[in-house]
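Hi,

Here is the structure I promised to pass on to you. Have a look at it first, and then read on for what turned up.

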Amino acid sequence: MSRFWSSVVHNLSPYVPGEQPKIDGLIKLNTNENPYAPSPHALAAIAATMDRLRLYPDPSATGLRETIAAHYGVTREEVFVGNGSDEVLAHTFQALLKHDAPLLFPDITYSFYPVYCRLYGTNYETVSLDAEMRVRLADYRRPGSAILLCNPNAPTGIALPRAAIEALVTEHPDKLVVVDEAYVDFGAESAVPLVARHDNLLVIQTLSKSRALAGLRVGFAIGQRPLIEALERVKDSFNSYPLDCLAQAGAAAAIKDDAWFQATRARIVASREALVRGLSELGFEVLPSQANFVFARHPGRRGADLAARLRERAVLVRHFQKPRIEDFLRITIGTDEQCSRLLALLHEII
Ligand SMILES: *Cc1c(COP(=O)(O)O)cnc(C)c1O
């Protein structure tokens, strides 16, 4: 603390990301990174762009936005890109989610959302997930300016079908609905095809998980032109060059390499099904996941204790010290070898 701090800084409670320790032979299943390498075409495009580092990058990332637009069947003007989807979310909070009536989001969801609310002074209310940890749409029939859902939800992994998102945006034409689809590529239905019909829908995705580019920092939003324009206004009042030239080139090549994308996500989905079976055999209750992680608890073991014992054995999983979920572990889907090692260690511990 310092007397030079602003009152905003005094009142912040920053997000704490999963740890990134340097431990030999560590199996990292705590931050939902992809266990496989990114597309070789992305790496080649990054290497081929090195000679442009002397110059400023394209401030509006035109080529990357055209590639995303072509891939998702929208126009370039309906795409906004940012330095990771966390930055896209931050701009969304500032540009579109700050109003007199509260922003609504689930009590159990991505824990960055309340952090942004404090940073931007956004009035919000949380809506409880039901007893099965599902989002119940009827619970959003209450006063509010906007609804923010992570779909599939984190850390539960449970997804709503596209029809449910369409019912929500149709029922609430005067609320903006923002859908954070960080994990959608692992088996859920994207709401992007609804954007053309609904001016109150903004969909946010990232290349960090399904395209294995967490280190490159690229995320994007798709929505109708007035929503995207709001994000551009904030971006151009904050940082004209959020994506460097390497990120723009690598991300575009990764999106174009659909064969690599399909192959790795299929591997991760197959490994997830095997891990769910293994955990169930050990007595875990596992929530139905459509993400690259599972959320599971053991009836006879405290979550904190299991996470600590795994850590002693050089396996990191994510544990949240939070009511309702304190006995759950969020386990990222690793390679098959990593998942087998985890199951063997859990067998030994339990
Ligand atoms: C990982 C994650 C993000 C952030 O992704 P980046 O693009 O790496 O910033 C956003 N939302 C959710 C729910 C996530 O899990």
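Let's start with a loop: P152 sits in the one between strand 5 (146–150) and helix 6 (162–171). Keep in mind as you look around that this is a predicted model. The peptide bond leading from N151 into P152 is cis, with omega near -5°. P155 has its place in the loop between strand 5 and helix 6 as well, and the bond that joins A154 to P155 is another cis peptide, with omega about 5°.

One more backbone oddity is N32, which you'll find in the loop between strand 1 (27–29) and helix 2 (40–49). Its phi is near 60°, so a positive value in a residue that isn't glycine. Why point these spots out? Because most peptide bonds are trans, and most residues other than glycine have a negative phi.

Now for the largest pocket. Its volume comes to about 710 Å³. The lining is made up of 34 residues, and those nearest the pocket's centre are Y15, T31, D86, Y110 and K209. By type, the lining splits into 14 nonpolar, twelve polar and eight charged residues. Helix 4 (residues 85–96) contributes the most to this lining, with three residues.

Where does the pocket lie relative to the domains? Domain 1 (10–37 + 259–349) and domain 2 (40–257) both supply lining residues, so the pocket lies between them.

Then there is the ligand. The residues around it are G84, S85, D86, Y110, C150, D180, A182, Y183, T206, S208, K209 and R217. Among these, D86, Y110 and K209 also appear in the group nearest the centre of the largest pocket. Three contacts to oxygen atoms of the ligand are worth zooming in on:

- S85 uses the backbone: an N or O atom there lies 2.6 Å from a ligand oxygen.
- T206 has a polar side-chain atom 2.6 Å from an oxygen of the ligand.
- S208 likewise places a polar side-chain atom 2.6 Å from a ligand oxygen.

Last, the record. The unreviewed UniProt entry carries the annotation "domain: Aminotransferase class I/classII large", and it covers residues 26–344. Over that stretch, the chain is 37% helix and 16% strand, and the C-alpha atoms at the two ends are 15 Å apart.

Happy browsing!

Note on methods:
Residues are numbered from 1 along each chain as its sequence is written. This is a predicted model: local features need pLDDT of at least 70, side-chain atom pairs count only at pLDDT 80 or more; totals for chains, interfaces and linings use all residues. Side-chain values use heavy atoms; hydrogens and water are left out. On a 1 Å grid over the protein atoms alone, a cavity is a set of points where a 1.4 Å probe fits but cannot get out, and a pocket is an open set with protein on both sides within 12 Å along at least five of seven lines; lining residues have an atom within 4 Å of a point. Grid points are joined across faces, edges and corners, and a volume is the space filled by probe spheres set on the points. Helices (H or I, at least four residues) and strands (E, at least two) are DSSP runs, numbered from the N terminus. Ala, Val, Leu, Ile, Met, Phe, Trp, Tyr, Cys and Pro count as nonpolar, Asp, Glu, Lys and Arg as charged, and the others, Gly among them, as polar. Domain bounds come from an automatic or database domain assignment. UniProt positions are given in the numbering used here, feature names are shortened, and annotations may be inferred rather than shown by experiment. A residue is near a molecule or strand if one of its heavy atoms lies within 4 Å of it. A polar contact is a pair of N or O atoms within 3.5 Å; within protein, one must be able to donate a hydrogen and the other to accept it, and residues adjacent in sequence count only if both atoms are side-chain atoms.
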